[in-house]
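Hi everyone, thanks for making time this morning. Could you pull up the sequence and the structure on your screens, so that we can walk through them together?

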Amino acid sequence: MIFFKLIVTNLRRHRIRSCISMAGIAFSVAAMLTVVTILQGAIGMFSGILSSDSEIVVFERNVSDLFFSSVPAAAAEQIAGWPMVSHADPVLFGIVSSAGHPIVTCFGVTVADARIRKATWTAGDRLDFALHADDVVLGERAAQFLGARLDDHVPIGHGVFHVIGILRTANGFEDGGVFMPLSSAQSFFHKEGASSVITVKLNGKDDAASFKAMVQARFPNLIALEDAEFTRSYSQFRILKATAWAVGVCGLLMGGLGVANTMIMSVFTRIREIAILRVCGFSNVQIATMIFGESAVVSLLGAVFGLLTGTGLLFALKLVPALHGYVDVTLQPVVMLIVIVLALLTGAAGALYPAAYAMRVRAVEALRFE
Amino acid sequence: MNLATAQAGTLDLSSRARIVLRAEDVWKSYDDGAIEVLKGVDFEVAEGQTVALCGPSGCGKSTLLHLFGGLDEPDRGHVTVNGIEVNRKRNLLRLLRHEVGFVFQLHNLIPDLTLAENCLIPTVAAGIDRETAQARLRQLGESTGLSHRLGQRIQKLSGGERQRTALCRALMNKPKILLADEPTGSLDERSSRAVFALLLEIVAAEGVTLVMATHDRGLAARCDRLLEMHNGRIYEPASA
């Protein structure tokens with residue numbers, strides 16, 4: 001108890017300095033949490049597009065981005081006929097632009113596609129989908145930013161399309177996207193007879209291995225991955241995740257410098273006190289534990305405030321209409337744990353030099369000058 | 001200076017008491033030998049004795065106390081406490097935690113802690129259990145008349161109370177040797193007399209050996225022995 005009080009006392013003695021350090025850690029943690037959660041959410045949403053009523057995605061082997069993947073229509077037809085397959089939906093991804101909106105995600109899908117079947121249609125009728133080549137269905141948010149209503153004709157890219165429906169999905173990408181009949185999308189993006197991926201639902205989960213082996217045997221230039229496998233291995237996701245963590249770690253490093261500064265000042269301003277503790281029998285380990293304890297308290301409190309701030313920020317972002325569906329505020333416990341551990345490690349790193357300095361304090365020298 | 005210079009070095013102890021502190025041909029200098037403080041000090045203290053070290057500022061009184069407490073190490077010679085040579089690497093912690101207690105001219109208490117918390121610091125260092133530490137604190141609180149002030153912060157204590165607190169802290173782990181460096185040097189005369197009387201009373205009650213550096217010859221005269229330090233050496237006046 002006394003030991004803990006020694007730790008807290010020193011932090012209380014320099015409240016403003018301690019608070020600034022905590023704020024540094026808190027802002028870093030909040031930034032890391034926000035960036036990582038938003039990107040995880042974005043990745044989750046993109047994965048959600050692929051895994052909508054399916055558990056396997058088939059795409060062209062060795063492509064850096066699914067937008068560049070080209071899967072022959074014949075493959076989709078064959079796969080759909082395999083005995084272990086419940087259904088196989090070819091999907092073509094494309095990026096188009098419209099006035100004021102340089103990037104609009106476009107989905108070329110069949111009428112049987114789960115994205116069409118399972119969405120909430122706020123306007124129009126699902127049965128009208130794909131009756132005409134120039135028909136499109138807009139996600140609710142896409143309809144908002146394109147200023148389009150049912151039966152309007154909207155310019156998208158180099159074409160003008162007839163809006164035959166508006167649908168709402170929980171997925172931000174889909175909600176901000178345009179759904180075209182697959183054949184129209186193939187023609188629009190000059191990818192006749194091809195799709196970007198085939199999303200596959202199997203009759204049983206145990207069939208995954210045999211399905212993947214069959215794809216490898218029949219279509220050597222294609223690869224089949226289970227959804228979890230895809231999320232783990234897709235290079236774009238990995239780059240995004242790495243970027244998010246890198247940004248967060250950089251933020252924490254800045255916070256760590258704040259802790260280091262606080263701890264250095266803390267040690268320098270109480271050399272005499274440390275000397276007295278030595279005279280009272282404190283060992284190097286006890287002195288170092290006290291310094292690391294101070295940094296741990298600063299880091300832990302900073303991390304807690306950062307988590308609260310970050311969570312609040314995420315909830316605030318979720319309320320922004322333009323970000324509807326993009327921000328997933330579901331905080332993953334593992335992310336929170338990693339953030340706290342990183343904050344503690346940062347604090348510990350910041351306390352390394354001060355602790356080493358404190359351990360070198362010689363009582364006799366510190367006490368000589370009164 | 002009325003010194004019995006022939007009586008230098010190891011002291012002739014008439015009693016058969018056990019020697020608890022011994023310095024043998026101890027040399028100590030600072031600034032790479034530019035300032036020689038101790039020049040071959042030989043010195044022994046028997047168990048339970050109260051010894052006053054007098055001498056001008058810079059004569060090496062504090063240095064000698066620091067060497068006995070393991071806070072510093074001699075350039076040459078040997079310092080033993082309870083028959084064991086002081087070695088900063090081997091036995092410093094045991095020495096500071098259990099064998100010796102220090103009282104300084106300035107109380108050197110931690111201002112943000114209470115009197116009790118300051119006193120308990122050595123017990124934390126030594127890993128003494130809470131109940132034992134509290135019992136000892138109560139006992140010393142009674143002895144020093146500080147029982148009613150245990151929960152007070154240091155800022156609210158008088159100079160005399162602070163120095164009594166420092167004395168409590170030094171004795172918390174029941175050391176058998178108390179090294180006091182000008183323990184009343186920062187107090188007014190009245191407080192100084194009171195604190196010193198208490199100091200002598202407690203060391204007598206607890207059977208503690210006291211070695212005290214002081215400029216106050218009136219206080220020094222009340223110790224069992226009065227030693228003079230001069231020019232890096234130690235002398236025992238013939239009249240002592």
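Let's start with helix 1 of chain B, which is mostly covered: eight of its eight residues are buried. Before I go on, a word on what you are looking at: this is a predicted model, where local features need pLDDT of at least 70, side-chain atom pairs count only at pLDDT 80 or more, and totals for chains, interfaces and linings use all residues. Residues are numbered from 1 along each chain as its sequence is written, while chains are lettered from A and ligands numbered from 1 in the order in which they are written.

Now, "buried" means that 20 or more other C-beta atoms lie within 10 Å of a residue's own; 12 or fewer is exposed, in between is partly exposed, and the C-beta atoms are placed from the backbone. Helices (H or I, at least four residues) and strands (E, at least two) are DSSP runs, numbered from the N terminus.

Which residues of helix 1 of chain B are buried? They are B:Lys61, B:Ser62, B:Thr63, B:Leu64, B:Leu65, B:His66, B:Leu67 and B:Phe68. After the helix comes B:Gly70, with a positive phi near 75°.

What does this helix pack on? One partner is an open sheet of six strands in chain B, in the order 6-7-8-3-9-10 and with mixed pairing. Two strands pair here if DSSP finds at least two bridges between them. Strand 6 (100-103) and strand 10 (233-235) of chain B are the edges, each pairing on one side only, and the twist averages 20° from one strand to the next. Helix 1 touches strands 3, 6, 7, 8 and 9 of chain B, and its direction makes about 150° with that of strand 8. For contacts, C-beta atoms placed from the backbone must lie within 7 Å; for angles, axes are lines fitted to C-alpha atoms, for helices over the stretch in contact, and the values run from 0 to 180 degrees between N-to-C directions. Over at the edge, strand 9 (225-230) and strand 10 of chain B are antiparallel over three bridges, with B:Glu228 opposite B:Tyr235.

Helix 1 of chain B also packs on another sheet. That one is open, with four strands of chain B in the order 2-1-4-5 and antiparallel pairing. Its edges are strand 2 (35-46) and strand 5 (84-85) of chain B. Strand 1 (19-30) and strand 2 of chain B share nine bridges, and B:Val26 faces B:Val41 there. The helix touches strands 1, 2 and 4 of chain B, at about 120° to strand 1.

On to the core. A nonpolar core is a set of buried Ala, Val, Leu, Ile, Met, Phe, Trp, Tyr and Cys residues joined through C-beta atoms within 7 Å. The largest has 111 residues, and B:Phe68 from our helix is among those with the most contacts inside it, as is A:Val29. Helix 2 (15-50) of chain A gives the most to this core, with 10 residues. Not counting residues up to four places away in sequence, A:Val29 touches A:Gly302, A:Ala303, A:Gly306, A:Leu307, A:Gly310, A:Val339 and A:Ala343.

Last stop, the chain contact: how many residues of chain B are in contact with chain A? The count is 21, facing 18 residues of chain A. Helix 3 (115-126) of chain B is one of the contributing elements, and it gives the most to that side, with seven residues. Thanks, and I'm happy to take questions!

How values were computed. Two residues are in contact if their C-beta atoms, placed from the backbone, lie within 7 Å.
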